[in-house]
Amino acid sequence: HKAIRRQRQMCIRDRYNRQRNEMKTELEEDIMPIKVQVRVGAEAMIDFMLYHIYASAVGVITIILGILNIGLGIAFASRKEFLYMAGAFAFAVVVFVIYPQTIKNRVKRQMERMENKEALVTYIFSEDGVETVTKDDSGKADWSALKKAVSRKRLLLLYDDKKQAVILPIDQIQEEYAQIVDMISAHMPAPAVRIKRLDAKQ
């Protein structure tokens, strides 16, 4: 009886080990590295710069002041204090029109002067982190070094602890977008991830 029981235990253990190995293989297949290649053009860089500036503390304060000045302009207009109204509206125009346009023009000029403008950049997302490969250089950031992930209308951005960013134009990674988002969500703290899925954008 003991021999039969021992044999039965061995069979159960072997079956368990086989199932565990099969599950491990399936999991390894599910977390294969994700490789994408993108070109960051002028429009993508403009979107990134505008977000980077206006999402900063100074940028948020500037936006608030711009909105307050619109309110002040309306208040001055209702009291027919047109000089003050003009000043308030002028400040709002600078914040919401002139300054963004200045940034756009500056980025376009810088991109035009670059020798390797719109150079191909390869990003490899794996369990270890995100690897960046260009024609002349390469580097890798561990997931622990990545502090913020955010999606904009046309961009997916990843910031590291030095506030350097991985810039991914969404229209160039649509097939891999969901997989990348899943990997980011699995390796970064939930409060650090502010990403919308493509189906949520539609």
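Accessible area here is the Shrake-Rupley surface reached by a 1.4 Å probe. With the whole predicted model displayed as a surface, begin by noting that the protein exposes about 14,000 Å², of which carbon and sulfur atoms supply 55%. Colouring by burial comes next: of the 202 residues in the protein, 29% are buried.

Switch now to a cartoon, where the secondary structure comes to 6 helices and 8 strands, and follow the chain along its sequence to read the pattern α-β-α-α-α-β-β-β-β-β-β-α-β-α. If you then turn on contacts, counting those with a separation of 6 or more, you will find that 57% of them join residues 24 or more positions apart.

For the next stop, select helix 3 (57–78) and helix 4 (82–113), and then the loop between them, in which Lys80 lies. The backbone of Lys80 deserves a closer look, since this residue has a positive phi of about 60 degrees although it is not a glycine. As background, most residues other than glycine have a negative phi. Lys80 counts as exposed because its relative accessibility is 64%, where the cut-off for exposed is over 50%.

Finally, select strand 6 (155–160) and strand 7 (165–169), with the loop that runs between them and holds Lys163. Is Lys163 buried or exposed? Its relative accessible area is 65%, so Lys163 is exposed. The backbone of Lys163 also has a positive phi, near 65 degrees, in a residue other than glycine.

Note on methods: Residues numbered from 1 in each chain as written. Predicted model: local features only at pLDDT ≥ 70, side-chain atom pairs only at ≥ 80, totals over all residues. Heavy atoms only, no water. Helix = DSSP H or I, 4+ residues; strand = E, 2+ residues; numbered from the N terminus. Buried < 20%, exposed > 50% of the residue type's maximum accessible area, 1.4 Å probe, protein only. Contact = heavy atoms within 4.5 Å.
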